[in-house]
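I opened this entry to keep a record of what I looked up, beginning with side-chain packing and ending with the backbone and the chain as a whole.

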Amino acid sequence: ASAFCLRAHHSLLRPRAGVSNVCRARVSSGFGAVSVVSRRERTGARWLASAVEMSKKTAIITNENHRRHNGFMHPECPQRVDLMWEQMHKQGIVDSCNILENRLAEENELGLVHDKDYVDSIVSGNVQLDGSTYFHKKDSVSANAARAAAGAVIDAVEAVCKGEVNNSFCAVRPPGHHAERDRMMGFCIFNSVAIAAEKAKKEWGCKKVLIFDWDVHHGNGIQNIFYDDPNVLYISIHRGGMDKSFFYPTTGTADETGSGEGRGYNVNIPLEFPGIGDPV
């Protein structure tokens, strides 16, 4: 899982027309966002209208076509998203959020971080598998699932950048943080988070992007894509060794800190087992 923090030219907290003397704050945790208003606004119809409005300040999105991207008895399976979505429905999360429509990422969007030859190979189905990632060529099943996952993350980040919502949550698959510029890897086909980060910088006025990646595996793809970029701070917490890692994908040691102008903007927090507890 990966999370964004975006620093844009504009402020997403500036007061809206017709609303004055209001103290507003945003707290994001898990799937939701909490907005706090002053006592002055907590009266009658104004408070009710404001509460309804603020309950819609979190966007959620999924890619329905992910189910056809399915490997027999493979751990990267449709149930990963289906069970998540089911629980969000049961807990009322889906009804209280903005649901974004899903689309396929355009090839030029994928090309922001991936080599053209690689994008062409995925779209055409003429792919070279990595040994851990399955790929269905028929009817572009896997290609479209990966493009839809990337499209979801792009649109979710765009909604935040443009001030339409305070935060977004994407329940999508296949995942992306292992995907390199020129190859699939570790169940990942397109690096959705990296694509959205690059688009945020180039098109939506974001000077700085923070990507916080928490996963048992290190996000080698995101690290390599932004390794020399001083405008993207990548922080990963994962299983691995401080100076040498034998755990997949064997990257993510503490001394991998970036290169050139990007030196110091890559932060790995590898956790060695056993012995990791609360002090970490």
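I am working from a predicted model, and I began with the surroundings of one side chain. Phenylalanine 226 touches Ala194, Ala197, Glu198, Ile211 and Val232, once residues up to four places away in sequence are left out of the count.

I then looked up the largest nonpolar core, which holds 33 residues, and noted that Phe226 is listed with Ile122, Phe190 and Ile211 as touching the most other members. The elements that give two or more residues to this core are helices H4 (116-124), H5 (141-161), H6 (192-203) and H7 (220-225), together with strands S7 (206-214) and S8 (232-239). Among these, H5 gives the most, with 7 residues. Where does this core lie with respect to domain 1 and domain 2? I find that it lies between them, because domain 1 (54-207) and domain 2 (208-279) both give residues to it. I also noted a second, separate core of 8 residues, whose members include Trp85, Ile93, Val94 and Cys97. As background, I wrote down that nonpolar side chains in soluble globular proteins tend to be buried together.

Next I turned to H4. Its buried residues are Tyr118, Val119, Ser121 and Ile122. They cover an arc of only 160° around the axis, and therefore they sit on the same side of H4. Which residues are exposed on the other side of H4? I recorded Lys116, Asp117 and Ser124 there. The buried residues of H4 are covered by elements including helix H3 (107-110) and H5, and H5 is also the element that gives the most residues to the largest core. After H4 comes glycine 125, with a positive phi near 85°.

I then went through the backbone for unusual geometry, keeping in mind that most residues other than glycine have a negative phi and most peptide bonds are trans.

The loop between strand S6 (167-171) and H6 gave me two entries. Proline 174 has its place in this loop, and the peptide bond that joins arginine 173 to proline 174 is cis, with omega about 0°. Phenylalanine 187 lies in the loop between S6 and H6 as well, and its phi is positive, near 75°, although the residue is not a glycine. Is phenylalanine 187 buried, partly exposed or exposed? Its relative accessibility is 26%, so I count it as partly exposed.

The loop between S8 and strand S9 (266-271) holds proline 249, and a cis peptide bond with omega about 5° joins tyrosine 248 to this proline. Threonine 250 lies in the loop between S8 and S9 too. Its phi is near 70°, again a positive value in a residue other than glycine. Because its relative accessible area is 46%, I entered threonine 250 as partly exposed.

I closed with totals for the chain, which has 7 helices and 9 strands. How much of the chain counts as buried? The figure I have is 42% of its 280 residues. The accessible surface comes to about 14,800 Å², and 53% of this belongs to carbon and sulfur atoms. Among contacts with a separation of 6 or more, 70% are accounted for by residues 24 or more positions apart.

How values were computed. Residues are numbered from 1 along each chain as its sequence is written. This is a predicted model: local features need pLDDT of at least 70, side-chain atom pairs count only at pLDDT 80 or more; totals for chains, interfaces and linings use all residues. Side-chain values use heavy atoms; hydrogens and water are left out. A nonpolar core is a set of buried Ala, Val, Leu, Ile, Met, Phe, Trp, Tyr and Cys residues joined through side-chain atoms within 4.5 Å. Buried means under 20% relative accessible area, exposed over 50%, partly exposed in between (1.4 Å probe, protein chains only). Helices (H or I, at least four residues) and strands (E, at least two) are DSSP runs, numbered from the N terminus. Domain bounds come from an automatic or database domain assignment. Contact means heavy atoms within 4.5 Å. The arc is that of the directions from the helix axis to the C-beta atoms. Accessible areas come from the Shrake-Rupley method with a 1.4 Å probe; for residues, only the protein chains shown count as cover.
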